[in-house]
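Colleague: Got a minute to go through this one with me? I'd like to start with the sheet, then move on to whatever comes up.

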Amino acid sequence: MLCTRLTNARILTMDPDRPVAHDLGIWRGRIVGLDEAVTSLPAREVIDLQGATVLPGFIDSHVHLTWTGLKASTPSVAPCRRAEDVLAVVEEAALRKDPAAWVDVMGYDQRALGRHLTAAELDRVSHGRKVFLLHDSGHGCVVSSAVLDLLPAEVPHQEGFLAESAMTAARRLRLPYSQTEIADAVEQAARVCLSEGVTAVAEAGIGGGLLGNSPVELGAYQLLRDQGRLPLRVQLMAAGDTLRPLAAHQDDGIPRALDLGLRTGFGDEWLSVGALKIYTDGGMMARTAALTEPYTGMDHTGELQDDPDRILDLIVDGHLAGWQLAVHAIGDRAADLALDGLERAQKLRPRPDARHRIEHAGLIRPDQLPRFARLGVSAVVQPAFLYSFGDDYSAVMGAERAPWMYRGRGFLDHGVTLVGSSDRPVTDGAPLRAVQFMVERASASGRPVGPDEAVTVEEALRAYTVAGAYACRWDDGAGSLSPGKRADFVVLGDDPRAVDPSRIAGIEVVATFVDGREATEGSKL
């Protein structure tokens with residue numbers, strides 16, 4: 001007897017051997033068959049979907065759940081477009097805090113103000129408190145003088161604005177958050193993911209780096225799992241700076257590792273260790289993505305996170321220690337560095353199925369596409385960035401480079417695995433919004449952004465299912481609705497392939513199922 005049978009549905013399996021079905025059988029969290037293989041079998045529960053569309057659960061291959069959850073419960077200046085309004089929010093937040101406490105405020109974006117705020121301005125409203133005003137990109141912050149006074153003199157800043165490694169230095173003073181705080185934030189963010197049809201995510205960097213929240217951060221996820229509060233599947237990327245020299249046997253050829261040699265693959269279907277997250281550069285929002293040519297109308301080319309040789313060494317050491325690598329590279333200069341490191345690593349110790357990834361791949365020149373393909377590197381992009389910020393990004397990249405941003409067709413035509421993700425909470429995390437952009441290539445204002453990079457609806461859906469499973473090494477159990485795979489799926493109110501592309505983002509997410517059980521609260525089923 002089946003546990004559950006879905007019937008009267010339009011099931012888009014994403015499996016080329018059986019692309020469409022109308023019935024699906026589930027037993028103990030697994031798919032046991034489709035159509036004629038299950039229609040005559042008895043089931044404890046039969047769900048008549050009345051023609052609704054079913055897809056594999058979306059996989060968001062690059063998220064920041066803790067940041068997302070904390071942002072939802074932290075004072076934000078996001079609606080503010082005047083410096084005076086930002087400072088009013090900061091002052092209100094400061095007065096609610098004990099004088100010795102840190103004052104966290106989120107949602108800062110200098111583009112809305114036309115300039116960066118300064119420490120002196122924060123000092124006027126902070127009443128001596130330590131203010132940490134986080135940039136929406138996660139690549140910078142503005143702090144009050146009470147924070148600057150704690151930093152080593154050599155940490156660079158621009159009147160209180162700190163970017164990249166300088167921000168990391170300030171953030172280390174603020175940390176750690178408690179495991180309970182992290183767990184609560186993760187759970188809150190995960191439930192938002194479920195409401196958008198996401199059943200599995202890859203958390204892009206814990207324990208260190210720009211956005212780590214605690215040196216014992218993995219324990220917060222274990223706490224959720226132990227308490228039965230982990231509502232979707234999570235893969236954790238360790239931050240690259242968590243590696244340290246260990247006295248392994250010389251024959252192992254491992255120069256740096258996590259304690260006990262922990263690496264990619266440890267864990268189970270619910271909680272596991274994924275790639276090693278390595279930063280090379282910054283971001284376009286903060287104007288710190290590393291470019292080969294200056295930003296249009298500016299006199300700088302962004303910055304790397306560290307000395308290039310040290311970044312290369314970390315990439316090589318991570319590969320030698322057996323990790324899958326997820327290398328953050330937004331600008332084309334950073335992508336050159338990432339590809340150089342991955343190529344050097346593979347020459348030293350070939351691992352054909354390493355499945356290394358470049359996160360973001362925000363600006364990729366035409367000559368770089370063949371290198372991605374030759375090295376077998378996946379491109380993990382965030383299409384919604386260009387929906388939300390495409391007008392701004394196009395302006396700072398200029399007419400020649402704008403079509404190279406967050407590519408779609410260019411990667412696919414070169415045989416590169418194209419993976420969709422959100423980088424939530426930087427912008428809208430809904431996969432259907434991203435799918436619509438990948439097809440239309442139009443920003444929120446309607447401006448075309450690299451229209452030649454458009455892909456088909458089927459290709460865009462594949463980026464959030466099959467390709468996501470491949471990039472996260474989940475392809476044996478996820479990504480398609482095939483017999484033997486996990487019963488993780490989303491029920492939609494319409495078929496993304498059948499509606500006008502302009503309507504894809506608005507398709508209703510009726511319900512999300514994880515392990516064969518409905519996981520969304522207040523669903524329509």
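Colleague: Okay, what does V490 stand opposite in strand 23?
Modeller: V490 faces T512 there. Strands here are DSSP runs of E with at least two residues, helices are runs of H or I with at least four, and both are numbered from the N terminus. Before we go on: this is a predicted model, where local features need pLDDT of at least 70 and side-chain atom pairs count only at pLDDT 80 or more, while totals for chains, interfaces and linings use all residues. Residues are numbered from 1 along each chain as its sequence is written, and side-chain values use heavy atoms, with hydrogens and water left out.

Colleague: How many bridges hold strand 22 and strand 23 together?
Modeller: Four, and the pairing is antiparallel. Two strands count as paired if DSSP finds at least two bridges between them.

Colleague: And which residue of strand 22 is the bridge partner of L55?
Modeller: V490 again. Strand 7 (residues 53-56) runs antiparallel to strand 22, with four bridges joining them.

Colleague: Which way do the residues of strand 22 point?
Modeller: F489 and V491 go one way, V490 and L492 the other, and all are buried. Buried means under 20% relative accessible area, exposed means over 50%, and partly exposed is in between, using a 1.4 Å probe and protein chains only.

Colleague: What's the strand order in the whole sheet?
Modeller: The order is 3-2-7-22-23-24, six strands in an open sheet with mixed pairing. Strand 3 (20-21) and strand 24 (517-518) are at the edges with a single partner strand each, so one side of each has no neighbour in the sheet.

Colleague: What's V20 up to in strand 3?
Modeller: V20 is the bridge partner of L12, and two bridges join strand 2 (residues 10-12) to strand 3, running antiparallel. With a relative accessible area of 41%, V20 is partly exposed. Leaving out residues up to four places away in sequence, V20 touches I11, L12, T13 and D35, where contact means heavy atoms within 4.5 Å.

Colleague: Switching to helices. Which residues of helix 4 are buried?
Modeller: A119, E121, L122, V125 and S126, in a helix that covers residues 119-126. They sit on the same side of helix 4, because they cover an arc of only 155° around the axis. That arc is taken from the directions from the helix axis to the C-beta atoms.

Colleague: What covers them?
Modeller: The cover includes helix 2 (83-95), strand 10 (130-135), strand 11 (140-143) and helix 5 (145-148). Right after helix 4 comes H127, with a positive phi near 55°.

Colleague: How far does helix 7 reach?
Modeller: Helix 7 (residues 179-195) spans 25 Å from its first C-alpha to its last, close to the expected 24 Å. The expected span is 1.5 Å times one less than the number of residues. Its buried residues include I182, V186 and L194. T180, also in helix 7, is partly exposed at 48% relative accessibility.

Colleague: Last thing: which residues lie nearest the centre of the largest pocket?
Modeller: R172, D241, Q305, D306 and L314, out of 19 lining residues. Helix 6 (165-174), strand 17 (271-279) and helix 9 (308-320) each supply at least two residues of that lining. A pocket is an open set of points on a 1 Å grid over the protein atoms alone, with protein on both sides within 12 Å along at least five of seven lines, and lining residues have an atom within 4 Å of a point.

Key:
On a 1 Å grid over the protein atoms alone, a cavity is a set of points where a 1.4 Å probe fits but cannot get out, and a pocket is an open set with protein on both sides within 12 Å along at least five of seven lines; lining residues have an atom within 4 Å of a point.
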